[in-house]
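This briefing covers charges, surface patches and backbone angles in one chain. Please have the sequence and the model open while reading.

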Amino acid sequence: MTFEEATAEALSFRDERNWKQFHNPKDLAISISLEASELLEAFQWSAADLYPQGKRDLIAEELADIAIYCMYFADAMDVNLADAVHAKIQLNAKKYPVDKARGSAKKYKELQP
């Protein structure tokens with residue numbers, strides 16, 4: 001399934017249930033944050049286990065919830081999400097040039113001469 005098809009499916013799901021009326025930017029931003037917190041639960045108490053075993057399905061489900069709310073938020077704000085992602089990657093490419101950022105976890109301000 002393409003990103004565009006997934007977005008259309010999510011918006012159709014919402015519209016069939018007449019939920020758009022509840023999807024204002026504030027509540028959608030809160031929902032994105034709450035779902036991101038639920039994603040973190042998969043890692044809670046996992047100690048040094050950075051890739052929690054046996055939780056891939058849970059992680060996929062929570063990641064999908066985050067993506068769906070992002071689709072709803074983009075729709076509410078009239079933002080083309082694919083275009084916004086592309087623009088942000090282009091901006092990050094300038095902030096994090098390969099020759100300075102490759103293999104480094106430094107923030108872009110630390111990469112400046």
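Is Glu38 buried, partly exposed or exposed, going by its relative accessibility? Glu38 counts as partly exposed, because its relative accessibility is 31% and the partly exposed class runs between 20% and 50%. The model is a predicted one, and the points below are grouped by topic.

**Negative patch**

- Glu38 is found in helix α2, and together with Glu41, Asp57 and Glu61 it forms a negative patch on the surface.
- Two helices, α2 (25-41) and α3 (56-76), each supply at least two residues of this negative patch.
- Patch residues must have over 30% relative accessible area and no salt bridge; Glu38, at 31%, is partly exposed.

**A buried acid without a partner**

- Glu62 lies in helix α3.
- Glu62 is buried and has no salt bridge.
- The nearest side chain of opposite charge to Glu62 is that of Lys55, 11 Å away.
- With neighbours within four places in sequence left aside, Glu62 is in contact with Glu35, Glu38 and Leu39.
- Glu38 thus appears in two settings: as a member of the negative patch and as a contact of Glu62.

**Salt bridges**

- The structure holds 5 salt bridges; three of them are described here, starting with a pair that joins two helices.
- Arg14 and Asp75 form a salt bridge through their side chains, at 2.8 Å from N to O.
- Arg14 belongs to helix α1 and Asp75 to helix α3, so this pair ties together parts that are 61 residues apart in sequence.
- Arg14 is buried, with a relative accessible area of 2%, whereas Asp75 is partly exposed at 28% relative accessibility.
- Asp75 also forms a salt bridge with Lys20, where the closest N and O atoms are 3.6 Å apart.
- Lys20 lies in the loop between α1 and α2 while Asp75 lies in helix α3, so this pair ties together parts that are 55 residues apart in sequence.
- Lys20 is partly exposed, its relative accessible area being 47%.
- A network of salt bridges links Arg14, Asp15, Lys20 and Asp75.
- The side chains of Glu16 and Arg17 meet in a salt bridge of 3.4 Å, N to O.
- Glu16 is exposed, with a relative accessible area of 60%, and Arg17 is partly exposed, with 37%.

**Nonpolar patch**

- Phe13, Trp19 and Phe22 form a nonpolar surface patch, with about 310 Å² of accessible area together.
- Trp19 is found in the loop between α1 (3-16) and α2.
- The relative accessible area of Trp19 is 35%, so Trp19 is partly exposed.

**Positive phi angles**

- Most residues other than glycine have a negative phi.
- Asn18, which is not a glycine, has a positive phi of about 55°.
- Asn18 lies in the loop between α1 and α2, and Trp19 of the nonpolar patch is found in the loop between α1 and α2 too.
- Asp78, also a residue other than glycine, has a positive phi near 55°.
- The loop between α3 and α4 (81-95) is the place of Asp78.
- Asp78 is exposed, because its relative accessible area of 73% is over the 50% cut-off.

Key. Residues numbered from 1 in each chain as written. Predicted model: local features only at pLDDT ≥ 70, side-chain atom pairs only at ≥ 80, totals over all residues. Heavy atoms only, no water. Patch = residues over 30% accessible without salt bridge, like charges linked within 9 Å, V, L, I, M, F, W, Y side chains within 5 Å. Areas by Shrake-Rupley, 256 points an atom, 1.4 Å probe, with all protein chains shown as cover. Salt bridge = Lys/Arg side-chain N within 4 Å of Asp/Glu carboxyl O. Lys, Arg positive; Asp, Glu negative; His and termini not counted. Charge placed at Lys NZ, Arg CZ, Asp CG, Glu CD. Helix = DSSP H or I, 4+ residues; strand = E, 2+ residues; numbered from the N terminus. Buried < 20%, exposed > 50% of the residue type's maximum accessible area, 1.4 Å probe, protein only. Contact = heavy atoms within 4.5 Å.
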